[in-house]
Amino acid sequence: MKLNKLFLLGLVLLLASAVSAQDLISANELKQNLKNPNYIIVNAAANQKVFIRGAIDLPHGTLCTDEPIRNIIKSPEEMAAELGNHGISADKTIVVYDEGSTKYAGRMYWMLKYLGAPNVKMLDGNITGWKATRGPIGTASKGSKTTFTANVDANQLATMAEVKKAVNNPSYVIVDARTPEEYAGTAETELARPGHVPSAVNVNYETLVDGKSLLKSNEALTSMFESKGITKDKTVIVYCETSVRAGVIYLALKGLGYPNVKVYDGAYLEWQSVDSNEIG
């Protein structure tokens with residue numbers, strides 16, 4: 001009997017570890033914290049009409065600019081000011097979600113981690129999962145203006161110079177989060193030079209989630225990444241066209257314990273705009 005109890009305890013701890021390995025929060029757990037003053041819920045998708053009750057509406061694009069590259073992040077000072085104006089403080093647990101694609105929530109998650117926010121989570125399933133559990137919905141909340149204190153973690157951001165260093169470098173792996181067609185350069189596009197960063201491997205961000213917008217299990221994700229040569233001993237740089245889709249892969253890798261993961265914010269849009277950069 002004692003051995004059975006120890007086995008069950010070990011199993012519970014193992015399952016808890018698997019869940020906590022990701023910066024995810026379930027719809028049921030969020031329901032329990034809807035009135036928790038230490039929680040802030042942020043909608044990261046644009047043009048939404050229905051919100052999780054009490055959520056602050058802050059589409060990810062609010063923190064971005066189109067100069068010099070489309071959809072690149074603003075300066076840390078500008079982003080911090082925007083977050084503070086919307087009532088978002090780095091001292092709180094910030095839960096981000098989107099309309100179900102996960103890409104906008106992933107983008108917001110990465111931006112907040114880059115700004116040094118210590119407690120950021122993505123709602124597993126996003127608004128799709130919330131509605132499935134009959135979570136309360138309503139209009140967006142207008143948060144009281146506050147101060148967001150940025151503590152920038154530059155290790156979360158890769159520059160084009162570092163990406164150049166990473167090409168064909170065995171200590172790095174570059175991950176392209178776009179569709180296989182975009183990666184191959186066969187998709188219809190307005191890009192002048194379709195293709196991918198040389199030596200990059202392709203992991204379509206959509207393959208990380210199931211049909212209910214829930215992130216796949218740690219075991220499935222680990223198998224997926226390792227089959228592409230994405231291992232913990234390497235520095236991982238993730239990008240897409242504008243690095244909106246890159247955030248989901250960033251979140252998954254960080255949750256699996258990968259120590260060195262970065263997002264190339266200039267993304268393929270910047271890479272292909274420089275004539276001297278080779279295209280894969």
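Here is a friendly conversation about a predicted model, its two sheets, its salt bridges and one pair of helices.

Visitor: In what order do the strands of the sheet with S1 and S4 stand?
Guide: Welcome! This open sheet is formed by five strands, and their pairing is parallel. Reading across the sheet, the order is S1-S8-S7-S2-S4.

Visitor: Why is one side of S1 and of S4 left without a neighbour in the sheet?
Guide: Look at the two ends of that order, where strand S1 (24-25) and strand S4 (56-57) stand. One side of each is open because each is an edge strand with a single partner strand.

Visitor: Which residue in S8 stands opposite Val95?
Guide: Start with the two strands: S7 covers residues 93-97 and S8 covers residues 120-123. They run parallel and are joined by three bridges. Opposite Val95 you will find Lys121.

Visitor: What angle does the direction of helix H4 make with that of S7?
Guide: Helix H4 spans residues 103-114 and packs on this sheet. It touches strand S2 (39-43) as well as S7 and S8. Its direction and that of S7 make an angle of about 150°.

Visitor: Which strands are at the edges of the sheet that holds S10 and S13?
Guide: Here, too, five strands form an open sheet with parallel pairing, in the order S10-S14-S13-S11-S12. An edge strand pairs on one side only. That description fits strand S10 (157-158) and strand S12 (201-202).

Visitor: How many bridges pair S11 with S13?
Guide: S11 takes in residues 172-176, while S13 takes in residues 235-239. Val173 has Val236 as its bridge partner, and Val175 stands opposite Val238. The two strands pair in the parallel sense, and the number of bridges is five.

Visitor: Which residue of S14 is the bridge partner of Val236?
Guide: S13 also pairs with S14, in the parallel sense and over three bridges. In S14, the partner of Val236 is Val261.

Visitor: Are the residues of S13 buried or exposed?
Guide: Let us take the two faces in turn. On one side are Thr235, Ile237 and Tyr239, and on the other are Val236 and Val238. Side chains in a regular strand alternate between the two faces of the sheet. Both faces of S13 are covered, and five of its five residues are buried.

Visitor: Why is S11 described as largely enclosed by the rest of the structure?
Guide: One side of S11 carries Tyr172, Ile174 and Asp176, and the other carries Val173 and Val175. Both of these faces are covered. S11 is largely enclosed because, of its five residues, the number buried is five.

Visitor: Which residue in S12 stands opposite Asp176?
Guide: S11 and S12 pair over two bridges, in the parallel sense. Across from Asp176 in S12 is Asn202.

Visitor: How many residues apart are Arg107 and Asp265?
Guide: The structure holds six salt bridges, and one of them joins Arg107 to Asp265, with the closest N and O atoms 2.7 Å apart. Both residues are buried. Arg107 lies in helix H4, while Asp265 lies in the loop between strand S14 (261-264) and helix H10 (267-273). The pair links distant parts of the chain, and the separation is 158 residues.

Visitor: Which residue forms a salt bridge with Arg245?
Guide: Arg245 sits in the loop between S13 and helix H9 (246-255), and its partner is in helix H7 (residues 180-184), 63 residues apart from it. Both members of the pair are buried. Their closest N and O atoms are 2.8 Å apart, and the partner is Glu182.

Visitor: Is Lys74 buried or partly exposed?
Guide: The side chain of Lys74 meets that of Glu82 in a salt bridge, at 4.0 Å from N to O. A buried residue would have under 20% relative accessible area. The value for Lys74 is 23%, so this residue is partly exposed.

Visitor: At roughly what angle do the axes of H4 and H9 cross?
Guide: Lys103, Gly106, Arg107, Tyr109, Trp110 and Lys113 in H4 meet Gly247, Val248, Tyr250 and Leu251 in H9. These residues divide into five nonpolar, two polar and three charged. The crossing is left-handed. The axes come within 7 Å, and the angle is roughly 65°.

Key: Residues numbered from 1 in each chain as written. Predicted model: local features only at pLDDT ≥ 70, side-chain atom pairs only at ≥ 80, totals over all residues. Heavy atoms only, no water. Pairing = 2+ DSSP bridges. Helix = DSSP H or I, 4+ residues; strand = E, 2+ residues; numbered from the N terminus. Contact = heavy atoms within 4.5 Å. Axes fitted to C-alpha atoms, helices over the stretch in contact; angles between N-to-C directions. Buried < 20%, exposed > 50% of the residue type's maximum accessible area, 1.4 Å probe, protein only. Left-handed = near helix turned anticlockwise from the far one by under 90°. Nonpolar A, V, L, I, M, F, W, Y, C, P; charged D, E, K, R; others polar.
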